[in-house]
Amino acid sequence: MKTVRITSANIEKETALIKERTSDFDPEKVAAVAKIISAVREGGDKQLFSLTKKFDGWRASARTVEVSPLEEQRAIAQVPRPVITALKKACRRIVDYQKTKLPSAREFKDSHGNRLGWLARPLDRAGIYIPGGKAAYPSTVLMTAIPAKVAGVGEIVMTTPCPGGELNPAAVAAAKIAGVNRIFKVGGAQAIAALAFGTKSVPRADKIAGPGNIYVTIAKKLVYGEVDIDMMAGPSEVFVIADGSCPARWVAADLLAQAEHDEMATPTLAATSAPYAELVKSELLSMAGAIERKKIALASIKNRGRIFITGGIIQAVQIANAVAPEHLELCVKSPRKLLPHIRHAGAVFVGARSTEAFGDYVCGSSHVLPTGGAARFSSPLSAADFMRTPSTAEITVKGFESLADTVDILARCEGLTAHALSVAVRRRPQGRH
């Protein structure tokens, strides 16, 4: 885990280095994914099932690719009761939070009496992708499906890879609780293609949401435009600002919580004290050796971990804003005083007890967040992302007379004479009222 003391001379260089997220969008992977997408688009179910056999090791068919009611019941029966209870509690909290994010229709009159505004309409169908490789995340089912459900989406379909054809019971239970309508046992780039273009078995979606591996991410990028996507989610990131007031073990645990996700996860600490930073590092390495995903966490810490020793809290915030992390933790004495200075972050956790794990499960905001610096221009997934707000315009007689000349001038300026004509034919003949 690299430690760097930040000075006025090296701050730009160091922030630039950490902003350079590693990208696996190499030409070979892009070409491989493009080939898969083309195959599914042209070959439909036949190619989808062939690729499922190749990558997931089981023979899917039109009869078996969709989870049946009986399969659903058997899967849910395997989930321990405390897990079901926890999922339901998390669901209620997510619903309550997401309701506050809903856009509403509005209409108003401008100075000419025109009625202007917008409608609020949910998408017809949303597709959610749930990873099923290194780990299964029922919480991600909740965090992607519930915003769509709250938005009023007509149908929610879920795809998830099932190695050997085996479902993850907790993911199925979460889907049932969240209101998913249909579940399909396909994953990878081929599942994204199926959702984007539709096959005989898998319906076409209007939007695809949910994280996945690099092949899924590339597939989402390639099908964008045919279908909307949520964001280009990459490896998990956490950036902790600490002034020494928070127990070092707490901060170490939060860094470790992100490191255990993936070898490419980025745990970062900006501390105002070098001795405190060393204590956090010592605790981190000690704790990493005792967790189930030890190998993954240690690889993340070694290769992607960073510690910045800063000249003060404001400098730490400056670095955080430059990095635009997925998760930002403010483990300082007066965390709320820093909020006005925070510009770029996917989610901000305010205060020492506000560990990012609460955001993953029960805060209510979605844990599907922008990564790789995308927090500079992107926001967490929410119910608003599953809605459209088409604009409305009702032009009055007064409004027409007041604005027609402006439209005519601008249309002719652009050489769009038919635009100008559409106004001209509506003008009242001279002498008539």
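**Exercises on salt bridges and burial**

Lys 220 and Asp 230 are both buried (under 20% relative accessible area; exposed is over 50%, partly exposed in between, with a 1.4 Å probe and protein chains only). The model is predicted: local features need pLDDT of at least 70, side-chain atom pairs count only at pLDDT 80 or more, and totals for chains, interfaces and linings use all residues. Residues are numbered from 1 along each chain as its sequence is written, and side-chain values use heavy atoms, with hydrogens and water left out.

**Exercise 1.** Characterise the contact between Lys 220 and Asp 230.

*Solution.* Step 1: apply the salt bridge criterion, a side-chain nitrogen of Lys or Arg within 4 Å of a carboxyl oxygen of Asp or Glu. Step 2: the closest N and O atoms of Lys 220 and Asp 230 are 2.7 Å apart, and the two residues form a salt bridge. Step 3: Lys 220 is in helix α8, whereas Asp 230 is in the loop between β9 and β10 (237–242), 10 residues apart.

**Exercise 2.** Which residues are joined with Glu 226 into one salt bridge network?

*Solution.* Step 1: Glu 226 forms a salt bridge with Arg 204, with 3.3 Å between the closest N and O atoms. Step 2: Glu 226 counts as partly exposed because its relative accessibility is 37%; Arg 204, at 40%, also counts as partly exposed. Step 3: through shared partners, Arg 41, Arg 204 and Glu 226 form one network.

**Exercise 3.** Place the salt bridge of Lys 176 and Glu 72 in the chain.

*Solution.* Step 1: the closest N and O atoms are 3.5 Å apart. Step 2: Lys 176 belongs to helix α6 (residues 169–178) and Glu 72 to helix α3 (residues 69–77), 104 residues apart. Helices here are DSSP runs (H or I, at least four residues), as are strands (E, at least two), numbered from the N terminus.
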